[in-house]
Amino acid sequence: SLLIEYFGWYRSDPICSMVIAVLIFLSVIPLLKDSVLVLLQRVPQEKEGSFFEALDEINKIENVMNVYDPHLWLYSSSVLVASVRVYVNARANEQRVISQSRDILIDHGFSECSVQVDKELFRK
């Protein structure tokens with residue numbers, strides 16, 4: 001408005017409006033990207049590798065026979081959720097396996113973890 005008032009540059013108003021619109025658009029792009037990733041429940045590539053490393057570590061816990069039905073998803077832009085089922089033998093202490101598995105998942109950067117234990121005795 002100062003350019004119009006003092007210099008009579010009437011074209012400066014639409015030019016300034018376009019510059020502001022471009023700045024707003026450029027600042028919204030990262031927000032849109034994060035929102036789309038959350039809506040699609042897409043997981044960052046680097047976290048997928050970390051998830052498989054964590055599953056390998058869980059598989060090495062004493063009395064663990066198998067790790068199956070793993071799920072990983074993005075709950076929000078900063079919260080990754082991991083879910084896994086662990087098949088253990090009859091001698092296993094379920095609470096110890098759950099605790100160790102959760103610790104491994106948390107150490108690999110997953111904020112929310114769910115571990116379900118299936119014991120050999122009760123599996124059909």
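Okay, so when I say contact today, I mean heavy atoms within 4.5 Å. Keep that in your heads for a second. And one caveat up front: this is a predicted model.

Let's start with Ser12, which lies in helix α2. What is Ser12 in contact with, if we leave aside its neighbours within four places in sequence? The answer is Leu3 and Ile4. Ser12 counts as buried, because its relative accessibility is 11% and the cut-off for buried is under 20%.

Now follow α2 along. That helix runs over residues 12-39, so 28 residues, and goes 40 Å from its first C-alpha to its last. The expected span at 1.5 Å a residue is 40 Å, and α2 comes out close to that. But have a look at Ile29: α2 bends there by about 30°. There's a proline too, Pro30, following within four residues. And just after α2, you'll find Gln41 with a positive phi of about 55°.

Right, on to the aromatics. A pair of rings is described by the distance of the centres and the angle of the planes. How many aromatic pairs does a search of the whole structure find? It finds 2. Take Phe51 and Phe52: their ring centres are 6.1 Å apart with the planes at 50°, so that pair is tilted. Then there's Phe51 with Phe110, where the centres sit 5.6 Å apart and the planes are at 75°, so we call that pair edge-to-face.

I like that second pair, since it links distant parts of the chain. Phe51 is in helix α3, residues 45-59, while Phe110 is in the loop between α4 (94-107) and β3 (112-119). Those two phenylalanines are 59 residues apart. Put the ring pairs together and you get a cluster of Phe51, Phe52 and Phe110.

Are Phe51 and Phe110 buried or exposed? Phe51 has 3% relative accessibility, so it counts as buried. Phe110, with a relative accessible area of 1%, is buried as well. Phe110 also has a charged neighbour: Lys47 lies over the face of its ring, at 5.9 Å from the ring centre.

Last stop, Tyr68. You'll find it in strand β1, residues 64-76. Its relative accessible area is 17%, so Tyr68 is buried. For a sense of distance, compare its position with Met18: these two are 50 residues apart along the chain, and their C-alpha atoms are separated by 54 Å.

That's my tour, happy to go back to any of it.

Key. Residues are numbered from 1 along each chain as its sequence is written. This is a predicted model: local features need pLDDT of at least 70, side-chain atom pairs count only at pLDDT 80 or more; totals for chains, interfaces and linings use all residues. Side-chain values use heavy atoms; hydrogens and water are left out. Rings of Phe, Tyr and Trp (its six-membered ring) pair if their centres lie within 6.5 Å; planes under 30 degrees apart count as stacked, over 60 as edge-to-face and the rest as tilted. Buried means under 20% relative accessible area, exposed over 50%, partly exposed in between (1.4 Å probe, protein chains only). A charge sits over a ring if NZ of Lys or CZ of Arg is within 6 Å of the ring centre and within 35 degrees of the ring normal. The expected span of a helix is 1.5 Å times one less than its number of residues. The bend at a residue is the angle between axes fitted to the seven residues ending there and the seven starting there.
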